[in-house]
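Subject: Structure handover

Hello,

Here is the structure for you to look over. My notes come after it.

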Amino acid sequence: MTSSGLAFRYALMAHRGGSLEWVENTLPAFRYSARTLKADLLELDCYETKDGKVVIFHDQDLERLCGADGKLGCVSNYEELPPLLIRPELQNKPEVVKDPDSKRIPLLEDLLDEFPTYPMQIDVKRGASSLVDKVGILILSHKRQAQTVWGSFHEPQNTWCRTNFPTIPHFFTARRMALAFLSWSVGLLPFMTIHESAMIMPNFKWIMWPGFAQAINKRGVPIIVFGMPGGGVNTVEGWKAAQKFGANGICSDRPTALKEWLRTNRLKDVNDWRKTEH
């Protein structure tokens, strides 16, 4: 069984909207990456508040992003959430500081309403199955299955995504990615059932074998590389390593700089392997 891949471009994925250029996972970050920069793909994370609202937020607790105590899903209803902190390195950017949305944790529904057809990668964080259900229903109600790839790197969450919302493309979990790499290393990848539409993988050197990337591409699956630790690949050195590996997309917290680099540095297309076999 072969995945059908993704129906949109994905060479440049703006990690949390571009978290070194804006306050992460905020509407101003997504507006810039979508409207001004025209990044191929927006990456975002979802959690559920105490009163059941789906918000765009990365961490389980509030300390790093809000300077507050407690876990987001346990201590706060949506209207009671504290404001986001603006990091010191962003304080000299008036477009960040003067926008009240830079301090507001947004609802997922707000983003989908504002960008109903813009490609997004949605990472459903750990939590109750109700979070997966609510995110899935929002995707379906906005009729944006073809513009979305979603899931979780954690097996239970991803399985719930796949089995309850089979029409929404999903990505590999960490376990499934390791299984694919092991299968490739022993020559069995052609026989592995692949139901995922994308592999969004960390830039660990042990897994970045060009032959593995090509083998995954042969199954119709694009590879988007993100950085560890932190989530984004943010240096020219890192972008070159992803390119050499054969990545089809790069996830970065510096989408403006990455877009400039991509003007003169092409990433491989999923179908480039065909050219080497003719």
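Below are notes on helix packing first, then on salt bridges. Keep in mind that this is a predicted model.

**Helices H8 and H9**

Start with H8, residues 174-185, and H9, residues 210-218. Their axes come within 10 Å and cross at roughly 105°. That crossing makes H8 roughly perpendicular to H9, because angles of 65 to 115 degrees fall in that class.

Which residues make the contact between H8 and H9? H8 brings Met177, Ala180, Phe181 and Trp184. H9 brings Gly211, Phe212, Ala215 and Ile216. By class, this contact has 7 nonpolar residues, 1 polar residue and no charged ones.

H9 has buried residues of its own to list: Phe212, Ala213, Ala215, Ile216 and Asn217. Phe212, Ala215 and Ile216 also appear in the contact with H8. After H9 comes Gly220, with a positive phi near 85°.

**Helix H10**

H10 spans residues 236-245, and its buried residues are Gly238, Trp239, Ala242 and Phe245. Seen down the helix axis, the buried residues of H10 fall within an arc of 125°, so they line one face. The spacing fits a general rule: an α-helix has 3.6 residues a turn, so residues three or four places apart point the same way. On the other side of H10, Glu237 and Lys244 are exposed.

What covers the buried residues of H10? The cover includes three strands: E6 (199-202), E7 (223-226) and E8 (249-252). It also includes two helices, H9 and H11 (255-262). H10 is followed by Gly246, whose phi is positive as well, near 110°.

**Salt bridges**

How many salt bridges turn up in a search of the whole structure? The search finds 18. Three of them are described here, each linking distant parts of the chain.

- Asp40 with Arg9. The closest N and O atoms are 3.4 Å apart. Asp40 sits in the loop between H1 (27-36) and strand E2 (41-48). Arg9 lies in the segment before strand E1 (12-15), and the two are 31 residues apart. Asp40 is buried, at 16% relative accessible area. Arg9 counts as exposed, at 60%.

- Asp45 with Arg16. The N to O distance is 3.8 Å. Asp45 belongs to strand E2, and Arg16 to the loop between E1 and H1. They are 29 residues apart. Asp45 is buried, with a relative accessible area of 1%. Arg16 is buried too, with 6%.

- Arg35 with Glu114. Here N to O is 2.9 Å. Arg35 is in helix H1 and Glu114 in helix H5 (residues 108-114), 79 residues apart. Arg35 is partly exposed, at 46% relative accessible area. Glu114 is partly exposed as well, at 25%.

One network also deserves a look. Salt bridges that share partners join Arg16, Glu24, Asp45, Asp59, Arg64, Asp123 and Lys125. Both members of the Asp45 and Arg16 bridge are therefore part of this network, and both are buried, with relative accessible areas of 1% for Asp45 and 6% for Arg16.

Best wishes

Definitions and conventions. Residues are numbered from 1 along each chain as its sequence is written. This is a predicted model: local features need pLDDT of at least 70, side-chain atom pairs count only at pLDDT 80 or more; totals for chains, interfaces and linings use all residues. Side-chain values use heavy atoms; hydrogens and water are left out. Axes are lines fitted to C-alpha atoms, for helices over the stretch in contact, and angles run from 0 to 180 degrees between N-to-C directions. Helices (H or I, at least four residues) and strands (E, at least two) are DSSP runs, numbered from the N terminus. Angles under 35 degrees count as roughly parallel, over 145 as roughly antiparallel, 65 to 115 as roughly perpendicular and the rest as oblique. Contact means heavy atoms within 4.5 Å. Ala, Val, Leu, Ile, Met, Phe, Trp, Tyr, Cys and Pro count as nonpolar, Asp, Glu, Lys and Arg as charged, and the others, Gly among them, as polar. Buried means under 20% relative accessible area, exposed over 50%, partly exposed in between (1.4 Å probe, protein chains only). The arc is that of the directions from the helix axis to the C-beta atoms. A salt bridge is a side-chain nitrogen of Lys or Arg within 4 Å of a carboxyl oxygen of Asp or Glu.
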